[in-house]
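These are my notebook entries on a structure I went through element by element. I set down what I looked up, in the order in which I took it.

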Amino acid sequence: MIPELGHFALILALLVAIVQSTLPLAGAALGAPRLMALARPAARAQFFLVVVAFACLAIAFASNDFSVQNVAANSNSQLPLHYRIAATWGSHEGSLLLWTLMLAGWTCAVTLFSRHLPPAFLARVISVMGLVSVGFLLFLLFTSDPFDRLVPPAPEGRDLNPLLQDPGMVIHPPMLYMGYVGFSVAFAFAIAALLGGRLDATWARWSRPWTTVAWSFLTIGIALGSGWAYYTLGWGGWWFWDPVENASFMPWLTGTALIHSLAVTEKRGAFKSWTVLLAIVAFSLSLLGTFLVRSGVLTSVHAFATDPARGVFILTFLALVVGGSLALFAYRASKVGLGGVFGVVSRESALLANNILLIVAMASVLLGTLYPLFLDALNLGKISVGPPYFDAVFYPLLAPAVFLMGIGPMARWSHASLPSLWTRLRWAFAVAVVAALVLPFTLGHWSPLIAAGLFLALWIATSSIVNLRDRLANSHRTGPLDKLAANSPSYYGMLLAHLGVAVFIVGVTLVKGYEIEQDVVLETGQNVTVGGYEFRFLGVRPGPGPNYRAVTGTVEVRRDGRLLETLHPEKRIFNASGQAMTIAAIDVGVLGDRYVSLGEPLVNDDLNGAWAVRVYLKPFIDWIWGGAFLMALGGLVAVSDRRYRLAVRRKAAPMLAASGAAASAD
Amino acid sequence: MKPRTRRLAWIVSGLAVLGIAAALVLNAFRSNLVFFFTPTQVAAHEAPRGRPFRIGGLVESGSLAREPNSLTVHFRVTDTAQTIAVSYTGLLPDLFKEGKGVVAQGTLAADGTFHASEVLAKHDENYMPPAAADAVKQAHEAMVTKTLVKSGGGGQ
């Protein structure tokens, strides 16, 4: 009964979405306030219906209803409750339902926080988001119904893929999707502005907080996925340039370019067309990511289904969205205009150069990701493009972009003078260069790449300090606290996010430069010394888990004879599928991790004999995720700026009268 | 600077960045593409010597052997028509099993052994890497065609 209720709610949601995507749009075109006023209630009703559908599926999973195909294929009665609920988005169908839920949620949030928007503009925004929703609901109902019944019901479920039975599964997909789908708001704002022909600084100010929040979620989502891969895949890597990772990284790069370009459009009215184009591209890449991951063209833990109908549907949908919005852009861009003029040395130029580098980097990732797929599709042979390609292309492209991060915030808008920039930044530059040249000696060996990486990180940090000091020195207020308070949260958010990049670069550089990876054979009681740490293997013992059998090893980590930590790496065999899985044991430290994972016994089934063991030292690896979280935090701090809320209040008064119809419809 | 000169400067610098990027990308592409070969293609000497490539197929049942007290293992990969001997030093992935699909990256030694630097099996139990599946399918189709041609020839 409950699955049918969910199915019915989805059908109703589709009908409401059709209303939401057509009538307000027509209303905006005809100037009919009654039709425009439908936008808000329709969006909220759609959200409610999708929530009901999602809850129904979650209940089916929680109550082990194996008469539902999706539940039978992706869950098991032995699976702990929190993983049964997370299994709701563990399948292709469920993850699409989560996508749709996020989209409806973002639309609903727009109706709540955009009382100040002109009614015609709001109607267009919500209609555009409704159109995207129609596409996804059609896709769900016609190709991937999550509520399909299984006749006769299965006595037991096939189990969730063991790789997904991890706390990461509970938070990584929702966070990532919040980010992916959040770009639909920026996209809808851009399309609405193109349709209405009005695109100015106010538009950018409306769009900015939404884009920044989405970007922050995406940053956290990607960081969580990376951390998850680090401790579960058992290889100790944090990024593999796997196509699925690239699929989430491309919208991130474009989104990063977009939030900077939006800043220019808001403050200076420049880059208008470019900003709109970026908003379209960012969301198109989110859709492309969904297509790549969900259509089964990629080989990875994320690829669930290989049903050609689904691939064709998403590809068509993608073509319609990208083609339609680019056509609209081509038709309207001349009306939007390029915006203000600026000097060759100015903050605008620095941001533009940064934008171009980010987009070129994104394009190189796109090429490396899609080229093998094209060759394969055209039957020209199978190839793979591995990490060496991405490393060779990516670092040289992003290094200048990161260098500009030190200069951009210091340069004045419109016209900056190069000599004055040099005077203000020379000490920051000198300190960064000297420290970067000396530091590697104290950390171990010296190499040009390590020095270059450290220089970039230090350069961001020192130039940020100079920036803050200049700001405080030029403040008219007295007292250090007053001076600090005079700067806006969006300024501190920017500093925080940039420092996050610095922390991230430190992590990447030092892990790449100083990590030690050893695969060894260890018998019970044997030692191995890696990078000054002594690892003593004390054998393994078998034990049961909730839905698996485990073999748990014991490894003592010592430094100079002193016991630091006892690690328990595990090997799990899952009851339902018989699949094996390695759980690494990690001694986490600010200055580096000690990482141990079990391979297999050297002689088959002789658990008490010698084992193959991985022993890794990963210096500063946690800085990678720490940096990512700082970036996301910076985004959230920036959004808390009063400016965005002031705009709401100031606009609210005159708008109230004009949007009487919309208000009464609430 | 006149606006026109400035615009020109922008376009030129933009093109320069794109040119450098394109050069970087193409250069990196050429040197880092890894091609895929089936055991049949390797047996027919179609695979390059001294350059890494990937092979795929099934791990032949009963072929897995470990050198005593070392991390070096030997196994054979088959597409059901041809097999190729593979040696690998390191930890095998969880999903590596005899009779299951596998993809390995490495180089071909003079004695015809494939020295794998990486063994990939990033899939679940019921899943076959498409590359491995393809290799088996191709070999099967070739066999069917051969049999058809033979039986057709015998009939005449």
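**Hairpins in chain A**

I began with a turn: β3(A) and β4(A) form a hairpin that leaves two residues between them, and in that turn Gly531(A) has a positive phi of about 55 degrees. I note at once that the model is a predicted one. The strands concerned are β3(A), residues 527-530, and β4(A), residues 533-544; they run antiparallel and are joined by four bridges. For a register I looked up Val528(A), and its bridge partner in β4(A) is Phe535(A).

I then followed β4(A) to its other partner. β5(A), residues 548-559, pairs with β4(A) in the antiparallel sense over nine bridges. This pair is also a hairpin, with three residues between the strands. Here I took Pro542(A) as the marker; its bridge partner in β5(A) is Val551(A).

**Strand β10(A)**

I next asked how many of the residues of β10(A) are buried. The strand covers residues 592-601, and nine of its 10 residues are buried, so I record β10(A) as largely enclosed by the rest of the structure.

I looked up its partners on both sides of the sequence. β9(A), residues 585-587, pairs with β10(A) in the antiparallel sense over three bridges. A hairpin through four residues connects β9(A) to β10(A). Within this pair, Ile586(A) stands opposite Tyr595(A) of β10(A). β11(A), residues 611-619, is joined to β10(A) by eight bridges, and these two strands also run antiparallel. Val596(A) stands opposite Val615(A) in β11(A).

**Helix α6(A) and Met169(A)**

I checked the length of α6(A), residues 92-113. At 1.5 Å a residue its 22 residues should span 32 Å, and the end C-alpha atoms are 32 Å apart, which agrees. I then looked up burial: 18 of the 22 residues of α6(A) are buried, so this helix is largely enclosed by the rest of the structure.

I turned to a single residue, Met169(A), which has its place in α8(A), a helix of residues 167-196. Is Met169(A) buried or exposed? I found 22 C-beta neighbours inside 10 Å, and Met169(A) therefore counts as buried. Leaving aside neighbours within four places in sequence, its contacts are Tyr83(A), Ala86(A), Gly90(A) and Leu164(A). I also looked up Trp89(A), which is 80 residues from Met169(A) in sequence but 8.7 Å from it in space, C-alpha to C-alpha.

**Domains and confidence of chain A**

I recorded the division of chain A: domain 1 (1-165), domain 2 (172-194 + 206-416), domain 3 (417-511) and domain 4 (516-620). For domain 3 and domain 4 of chain A I looked up the distance between C-alpha centres, which is 40 Å.

The mean pLDDT of chain A is 88, with 94% of its residues at 70 or more. I marked residues 299-305 of chain A, where pLDDT stays under 50 and the model has 19 contacts beyond four places in sequence. I also marked residues 648-666 of chain A, with pLDDT below 50 and 20 contacts in the model beyond near neighbours in sequence. Where pLDDT is low, the predicted coordinates should not be read in detail.

**Chain B**

I counted the elements of chain B and entered three helices and seven strands. From the N terminus on, their order is α-β-α-β-β-β-β-β-β-α. Of the 156 residues in chain B, 33% are buried. Among contacts in chain B with a separation of 6 or more, 56% are between residues 24 or more positions apart.

**Contact between the chains**

Last, I looked up how many residues each chain brings to the contact. Chain B gives 31 residues and chain A gives 35 residues. On the side of chain B that touches chain A, the elements giving two or more residues are α1 (3-32), β1 (33-37) and α3 (130-155) of chain B. The most come from α1(B), with 11 residues. By class, I entered 18 nonpolar, six polar and seven charged residues for this side of chain B.

Strand pairing also crosses from one chain to the other. β1(A), residues 383-385, is joined to β1(B) by three bridges, and the two run antiparallel. My final entry is the register of this pair: Val385(A) stands opposite Leu33(B) in β1(B).

Methods:
Residues numbered from 1 in each chain as written. Chains lettered and ligands numbered in written order. Predicted model: local features only at pLDDT ≥ 70, side-chain atom pairs only at ≥ 80, totals over all residues. Contact = placed C-beta atoms within 7 Å. Nonpolar A, V, L, I, M, F, W, Y, C, P; charged D, E, K, R; others polar. Pairing = 2+ DSSP bridges. Buried ≥ 20, exposed ≤ 12 C-beta atoms within 10 Å, placed from the backbone. pLDDT = per-residue confidence, 0-100. Domains from an automatic or database assignment. Expected span 1.5 Å × (residues − 1).
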